[in-house]
Amino acid sequence: MALYYTYIAFSTVNKLHSIGVTNNLFRRFKLLNQHQENEQKGRCKLVYYEEFSSSNDATMRETELVSFHESLLRVLVEESNPMIVDLLKKEIIE
């Protein structure tokens, strides 16, 4: 059974969160970071994700998270990832 992920990424340059859906977190962040390096915007770090068994459910959650204010996204991330670690590399984000 395929899994789908709704994720929150954090940009180390503009210090903002972005939200998306993917079925492969590693591939998605590799592509995101290649694109951002090309545009010299820094790197995206995976700071939060949720697993879903259907793409529909993941997309519905993405829509919900997109409506959150930036401060509420920070609270959500900090509750589940208090050290603000890049979940793909297990490095603390400064």
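Read along the sequence, this chain follows the pattern β-β-α-β-α-α-β-β, and I should say at once that what we are looking at is a predicted model. In total the secondary structure comes to 3 helices and 5 strands, and of the 94 residues in the chain, 36% count as buried. The accessible surface amounts to about 6000 Å², with 53% of that area belonging to carbon and sulfur atoms. If we take the contacts with a separation of 6 or more, residues 24 or more positions apart account for 60% of them.

Let me turn to strand E1, which spans residues 4-11 and is mostly covered, with 7 of its 8 residues buried. Which strands does E1 pair with? With strand E3, residues 44-52, it is joined by 8 bridges, and the two run antiparallel; in that pairing, Tyr4 stands opposite Phe52. With strand E2, residues 17-22, E1 is joined by 6 bridges, again in an antiparallel arrangement, and here Tyr5 has Thr22 as its bridge partner.

E1 and E2 also form a hairpin, with 5 residues between the two strands. Lys15 is found in the loop that connects E1 and E2, and its phi is near 60°, a positive value in a residue other than glycine. Is Lys15 buried, exposed or partly exposed? Its relative accessibility is 38%, so Lys15 counts as partly exposed, given that the partly exposed class lies between the 20% and 50% limits. A second residue to look at on the backbone is Ile84, which has a positive phi of about 50° although it is not a glycine, and which lies in the loop between H3 and strand E4, residues 85-86. As background, most residues other than glycine have a negative phi.

That leaves the interior, and again a word of background: in soluble globular proteins, nonpolar side chains tend to be buried together. In this model the largest nonpolar core has 9 residues, namely Ile8, Phe10, Ile19, Val47, Tyr48, Leu65, Leu73, Leu76 and Val77. E1, E3 and helix H3, residues 70-80, each supply at least two residues of this core, and it is H3 that gives the most, with 3 residues. There is also a second, separate core of 8 residues, which includes Leu25, Phe29, Leu32 and Leu46.

To bring the parts together, strand E1 pairs with E3 through 8 bridges and with E2 through 6 bridges, while also being one of the elements that supply at least two residues to the largest core.

Terms used
Residues numbered from 1 in each chain as written. Predicted model: local features only at pLDDT ≥ 70, side-chain atom pairs only at ≥ 80, totals over all residues. Heavy atoms only, no water. Buried < 20%, exposed > 50% of the residue type's maximum accessible area, 1.4 Å probe, protein only. Helix = DSSP H or I, 4+ residues; strand = E, 2+ residues; numbered from the N terminus. Pairing = 2+ DSSP bridges. Contact = heavy atoms within 4.5 Å. Areas by Shrake-Rupley, 256 points an atom, 1.4 Å probe, with all protein chains shown as cover. Core = buried A, V, L, I, M, F, W, Y, C linked by side-chain atoms within 4.5 Å.
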